[in-house]
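Here's a quick tour of a ligand site and some cysteines. Have a look at the model first, then read on.

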Amino acid sequence: MEFTELVKKRYSCKKYDSRKVEREKLNAILEAGRLAPTAKNTQEQHIYVLESEENLAKVDKASPCRYGAPTVLAVAYDKNQIYTYPGGKRTSDSEDAVIVATHLMLAAANEGVDSCWLNCFDPEMIEKDLNIPENEEIVMLLDLGYAAEGAGPLPNHENRKPLSETVTYM
Ligand SMILES: Cc1cc2nc3c(=O)[nH]c(=O)nc-3n(C[C@H](O)[C@H](O)[C@H](O)COP(=O)(O)O)c2cc1C
């Protein structure tokens, strides 16, 4: 899909039907995440693909926001691999994982797969229930699937501030 059209078409889907995400499409989405840039090319992301009933139930326990999605990606990063920027005042922290997650979300739209970015979850609960290693932190969850009939963007989807409010030419 053409990029400008893609960013306009993508929306947060809050109701999925039971259609599974095809393996080929999931691979293309994951590949776009693999190609994301990271600070100093550290690539400290770790993506968990959750599709079993057991693991989806763990998502439901930690978040009210799966909306019936048949696939959820949990995007984590390795706390031992973060990059400390010169000067030592800041680190890449969750930044790299968020860039990877953005690639995943846009690639899903490119594959015609609907998605919703989730931060409304209990991180300690899900990390414990999924046995995520101590050195990793889950930054976000990405619901993936196909919109149920009648589902679509929420009314506020089109509501974006004008550039004059968010951009300053200096
Ligand atoms: C960082 C972030 C966290 C979000 N967390 C949630 C969430 O926990 N649950 C949810 O239903 N939507 C969540 N969303 C989706 C936003 O509510 C949605 O992107 C926003 O309202 C704009 O709507 P649109 O994506 O349809 O344009 C999140 C989005 C972002 C970028």
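## Around the ligand

In this predicted model, a side-chain N or O atom of Arg10 sits 3.0 Å from an oxygen atom of the ligand. Arg10 has company: Lys14 and Tyr67 also point polar side-chain atoms at ligand oxygen, at 2.8 Å for Lys14 and 2.4 Å for Tyr67. Here are those contacts side by side.

| Residue | Distance from a polar side-chain atom to a ligand oxygen atom |
|---|---|
| Arg10 | 3.0 Å |
| Lys14 | 2.8 Å |
| Tyr67 | 2.4 Å |

How much of the ligand does the protein bury? On its own the ligand exposes 620 Å², and the protein buries 68% of that.

Zooming out a bit, 14 residues surround the ligand, and the ones that come nearest are Ser12, Tyr67, Cys120, His157 and Arg160. Sorted by class, that shell holds seven nonpolar, four polar and three charged residues.

## The cysteines

Now for the sulfurs. A disulfide is a covalent bond between the sulfur atoms of two cysteines. With a cut-off of 2.5 Å between cysteine sulfur atoms, the count here is zero disulfides. Cys13 is in none, and its nearest cysteine sulfur, the one in Cys116, is 7.7 Å away. Cys13 is also buried, at a relative accessible area of 0%.

Why is Cys120 not bonded to Cys65? The closest cysteine sulfur to that of Cys120 is in Cys65, and the two are 4.4 Å apart, so they are too far for a bond. Cys120 is partly exposed, with a relative accessible area of 47%, and it is one of the residues that come nearest to the ligand.

Terms used: Residues are numbered from 1 along each chain as its sequence is written. This is a predicted model: local features need pLDDT of at least 70, side-chain atom pairs count only at pLDDT 80 or more; totals for chains, interfaces and linings use all residues. Side-chain values use heavy atoms; hydrogens and water are left out. A residue is near a molecule or strand if one of its heavy atoms lies within 4 Å of it. A polar contact is a pair of N or O atoms within 3.5 Å; within protein, one must be able to donate a hydrogen and the other to accept it, and residues adjacent in sequence count only if both atoms are side-chain atoms. Accessible areas come from the Shrake-Rupley method with a 1.4 Å probe; for residues, only the protein chains shown count as cover. Ala, Val, Leu, Ile, Met, Phe, Trp, Tyr, Cys and Pro count as nonpolar, Asp, Glu, Lys and Arg as charged, and the others, Gly among them, as polar. Buried means under 20% relative accessible area, exposed over 50%, partly exposed in between (1.4 Å probe, protein chains only).
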